[in-house]
Amino acid sequence: MSASLITAVELSVKPDRIDAAAEAWKAHHAASSFTGRALFRSLEGSKLLELAPVAGWEEFPALREDWAKLWDTVGPLAEGDFRRQVLGFVDAPKPIDTPLPLTPYVQMRHIEVPPGVHTAYRAWREETIYDVVRTSDEVEAFVAYHSVVSTEPGVMFVSGFSCDPAEYNAVFTSPRYQEIVRQAGDRYIAGGERGLFTEIYARVS
């Protein structure tokens, strides 16, 4: 089943060094005592994303040491600093049997919802977002997390798929889903440019 706690670490990389950064990050994984982590490359920019299951808070002292080594090995290839999040499992309209999706692609779907409307939002998404996800074969995994410690507070959906990204995107650009987005914007999404965003990543093999 999905990990109850995961970390998401993203790094913007110099465009001409993205391949070198991915290789360095994978070499870091191979030398690390942490297992189960997955590395992805953005289809929309020069960025790398690591998703990692965490057994519990007792792992974080060792994880901080691991991140310090990642800083030394991959950091020199970066355009900015590492963006890190700790995300806690909420529910899964498309559950998985593994801690993280094993699909070739993942999409991170972020929504910042003010606490005062969060309960209403949870009920609304069951009848709207989750209904679309459950009835769409293109979506193989869809797991809802919420920020515990994050540079991007709010809801984070981790969606996994194997089909062509254009085919997957059609699920979320249909007239029905556009109406769902409109409703969310009117009722639940916090203001600001980062209130709602999505990004697709391909697994680095």
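Here are five short exercises on a predicted model, each with a worked solution.

**Exercise 1. The barrel**

Task: State in which order the strands run around the closed barrel, and how they pair.

Solution:
- Step 1. Trace the strands. The closed barrel has eight of them, in the order β1-β3-β2-β8-β5-β7-β6-β4.
- Step 2. Check the pairing. It is antiparallel.
- Step 3. Look at the angle between neighbours. Neighbouring strands of this sheet are turned by 35 degrees against each other on average, direction ignored.
- Step 4. Recall what holds such a sheet together. Strands of a sheet pair through backbone hydrogen bonds, either parallel or antiparallel.

**Exercise 2. Strand β3 and its partners**

Task: Find which strands pair with β3, and decide whether β3 is enclosed or open.

Solution:
- Step 1. Start with β1. Strands β1 and β3 pair in the antiparallel sense over seven bridges. In this pair, E10 stands opposite L49 of β3.
- Step 2. Move to β2, residues 38-42. Strand β2 pairs with β3 over four bridges, again in the antiparallel sense. Here A38 has L51 of β3 as its bridge partner.
- Step 3. Look at the link. Four residues lie between β2 and β3, and the two strands form a hairpin.
- Step 4. Judge the burial. Buried means under 20% relative accessible area. Six of the seven residues of β3 (residues 47-53) are buried, so β3 is largely enclosed by the rest of the structure.

**Exercise 3. Two residues compared**

Task: Decide for T7 and for S33: buried or exposed?

Solution:
- Step 1. Place T7. It sits in strand β1, residues 5-12.
- Step 2. Apply the cut-off. T7 has 0% relative accessibility, so T7 counts as buried.
- Step 3. List what surrounds T7. Leaving out residues up to four places away in sequence, its contacts include L51, V54, F60, W67 and V86.
- Step 4. Place S33. It lies in the loop between α1 and β2.
- Step 5. Apply the other cut-off. Exposed means over 50%. S33 has 70% relative accessibility, so S33 counts as exposed.
- Step 6. Add a distance. S33 and Y105 are 72 residues apart along the chain, and their C-alpha atoms are separated by 25 Å.

**Exercise 4. Two helices and the sheet**

Task: Describe how α1 and α2 are arranged, and which strands α2 touches.

Solution:
- Step 1. Read the geometry. The axes of α1 (residues 18-31) and α2 (residues 60-74) come within 10 Å and cross at roughly 150 degrees.
- Step 2. Draw the conclusion. Angles over 145 degrees count as roughly antiparallel. Therefore α1 and α2 are roughly antiparallel to each other.
- Step 3. Note the handedness. The crossing of α1 past α2 is right-handed.
- Step 4. Name the contacts. From α1 come A21, A24, W25 and H28; from α2 come D66, K69, L70, T73 and V74.
- Step 5. Sort them by class. The contact has five nonpolar, two polar and two charged residues.
- Step 6. Turn to the sheet. Strand β4 (residues 83-94) is joined to β6 (residues 141-150) by seven bridges, and the two run antiparallel. Helix α2 packs on the sheet and touches β1, β3 and β4. The direction of α2 makes about 15 degrees with that of β1.

**Exercise 5. Strand β5**

Task: Find which strands flank β5, and how many of its residues are buried.

Solution:
- Step 1. Take β7, residues 155-161. Seven antiparallel bridges join β5 to β7. Y105 stands opposite F161 of β7.
- Step 2. Take β8, residues 196-203. Its antiparallel pairing with β5 has seven bridges. M108 stands opposite E199 of β8.
- Step 3. Count the burial. Six of the seven residues of β5 (residues 105-111) are buried, and the strand is mostly covered.

Notes: Residues are numbered from 1 along each chain as its sequence is written. This is a predicted model: local features need pLDDT of at least 70, side-chain atom pairs count only at pLDDT 80 or more; totals for chains, interfaces and linings use all residues. Side-chain values use heavy atoms; hydrogens and water are left out. Axes are lines fitted to C-alpha atoms, for helices over the stretch in contact, and angles run from 0 to 180 degrees between N-to-C directions. Angles under 35 degrees count as roughly parallel, over 145 as roughly antiparallel, 65 to 115 as roughly perpendicular and the rest as oblique. A crossing is left-handed if the near helix is turned anticlockwise from the far one by less than a right angle, and right-handed if clockwise. Contact means heavy atoms within 4.5 Å. Ala, Val, Leu, Ile, Met, Phe, Trp, Tyr, Cys and Pro count as nonpolar, Asp, Glu, Lys and Arg as charged, and the others, Gly among them, as polar. Buried means under 20% relative accessible area, exposed over 50%, partly exposed in between (1.4 Å probe, protein chains only). Two strands pair if DSSP finds at least two bridges between them.
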